[in-house]
Amino acid sequence: MIHAVIIAGGSGTRLWPESREAKAKQFLSFESDQTMIGATVRRLDPLVPTSRVFVVTGRSMVENVRESLPILGSGQILGEPAARNTAPCIGLAAVQLLHDDPEATMIVLPADHIIRPEAVFRSTLQFAAELVEEAPERLITLGVKPTFASTSYGYIQRNERLHSPVAEKWKSLTTPYNVVRFHEKPPVETAEKFLAAGNFGWNAGIFVWKAKTVFGLLQRFEPEIAERLEKIGKSIGTPDYEKTLDEQFPSMKKISIDYAVMERADSIVMLEATFEWDDVGTWCSLDRIYAEQHDAAENLAVGPKLLAINSTGCVVRGNDPKHLFALLGLEDLIVVQTADATLIARKDQEESVRRVIDELRKRDWNEYL
């Protein structure tokens, strides 16, 4: 059966002041009143019913997940006792799935993306799952066609098309490609070369594979992590589970699934996304998400009212629809208001918002974190 594992451990520091330690990015709402993690679960249905959805998050966020997703049972929320990056996180979910379903096909996806149209996304995941059933050793990754030379995403380099009966069946949807290698977030000069080359995709962090395949690769490439995961797996369903998890998980190496597996494995296939995708990484993402809502001077208001005079290219965000933002003679600014903090920044400084977090910690102003 197909199962989904949603990774919900990030903090989204570049979306301060809305994203906080007590309410991280995945618990914010952008498209509707539904949280981003709630929308992630919704868009999987009916391909993956909620009974086969697992969320992996930090223990401090378990209650947030329960509030956002009351439909999930307590056994479907896996709380990590320590942050250890995505390889241990995915491994923890894999041993849980193997305990429940030894032949599980595993969809891994982040909790904080915006994807449209959802039907195309589900069809792409179905295509990926069928490619895995066709050849269980395959690792499927979704790549997004780059639209600019981003330095915020990893890149997937592809070469020739994959030819198979399943690929032929789904050829009207998208094309599968064999993967050459994964590239970490590049400097701008390298990103420009990748964009010009035309055979690179942004790494969306969405994967489909057999749980036993990815766990087998962890055993091969990261045996110490796999050994600890195996101990945790054997304790599932016993009174010793929490104790074993607390003993084994924090001792694992901090390493991403890209470094641990994807940069070392063979039989990797990339499906090029034919849906709209945005990871809402910074406040400037709102320009893309709400592209049709700009005024004639390319100003955008998400939430409040906006009066812009002699101002261009500004983004304002607030939660009170009655609150008025009045801008005079401003250009390319981000203004985000919450009950206790307001961010005002130039758009070209969007990647530096995390410096505010660093400064708040230095000053011990923890009430704003």
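This passage describes the nonpolar cores, one helix packing, the aromatic pairs and the backbone exceptions of a predicted model.

In soluble globular proteins, nonpolar side chains tend to be buried together. The largest nonpolar core in the model comprises 51 residues, and the members that touch the most others are I6, I37, L44, F121 and L125. Helix α4, spanning residues 118-134, supplies the largest share of this core, with 7 residues. Beyond residues up to four places away in sequence, F121 touches R43, L44, L109, I115, L142, I206 and F275. Another core lies apart from this one; it has 45 residues, including I90, W209, M252 and I257.

Strand β6, residues 139-144, contains T141. This threonine counts as buried because its relative accessibility is 0%, and the cut-off for burial is under 20%. When neighbours within four places in sequence are left aside, the contacts of T141 are I156, V179, F182, N203, I206, F207, M262, I268, V269, M270 and L271. I206 is thus listed for T141 and also for F121.

Two packed helices are described by the angle between their axes and the distance between the axes. For helix α3 (residues 86-100) and helix α8 (residues 223-235), the angle is about 35 degrees and the axes are 9 Å apart. The crossing of α3 and α8 is right-handed. On the α3 side the contact involves P88, G91, L92 and V95, which meet I225, L229, I232 and G233 of α8. By class, the residues of this contact are 6 nonpolar and 2 polar, with no charged residue.

The count of aromatic pairs comes to 11. F127 and W170 form one that is stacked, with 5.6 Å from centre to centre and 10 degrees between the planes. The two residues are 43 apart in sequence and belong to distant parts of the chain, F127 being in helix α4 and W170 in the loop between α5 (165-169) and β8 (176-183). Both F127 and W170 are buried. A further stacked pair is formed by F194 and F200, at 4.1 Å centre to centre and 15 degrees between the planes. F194 counts as buried because its relative accessibility is 11%, and F200 counts as buried because its value is 8%. In addition, ring pairs link F148, Y153, W202 and W277 into a cluster.

Most residues other than glycine have a negative phi, and most peptide bonds are trans. Among the exceptions in the model is a cis peptide bond between W16 and P17, with omega of about 15 degrees. P17 is located in the loop between β1 (2-7) and α1 (36-44). A cis peptide bond also joins R116 and P117, where omega is about -15 degrees. The loop between β5 (114-116) and α4 holds P117.

Positive phi values occur at E298 and at D332, neither of them a glycine. For E298 phi is about 65 degrees, and the residue is found in the loop between α11 (285-289) and β12 (300-302). E298 counts as partly exposed because its relative accessibility is 46%. For D332 phi is near 55 degrees, and its place is in the loop between β15 (324-328) and β16 (333-337). D332 is likewise partly exposed, since its relative accessible area is 34%.

Terms used. Residues numbered from 1 in each chain as written. Predicted model: local features only at pLDDT ≥ 70, side-chain atom pairs only at ≥ 80, totals over all residues. Heavy atoms only, no water. Core = buried A, V, L, I, M, F, W, Y, C linked by side-chain atoms within 4.5 Å. Buried < 20%, exposed > 50% of the residue type's maximum accessible area, 1.4 Å probe, protein only. Helix = DSSP H or I, 4+ residues; strand = E, 2+ residues; numbered from the N terminus. Contact = heavy atoms within 4.5 Å. Axes fitted to C-alpha atoms, helices over the stretch in contact; angles between N-to-C directions. Left-handed = near helix turned anticlockwise from the far one by under 90°. Nonpolar A, V, L, I, M, F, W, Y, C, P; charged D, E, K, R; others polar. Phe/Tyr/Trp six-rings, centres within 6.5 Å; stacked < 30°, edge-to-face > 60°.
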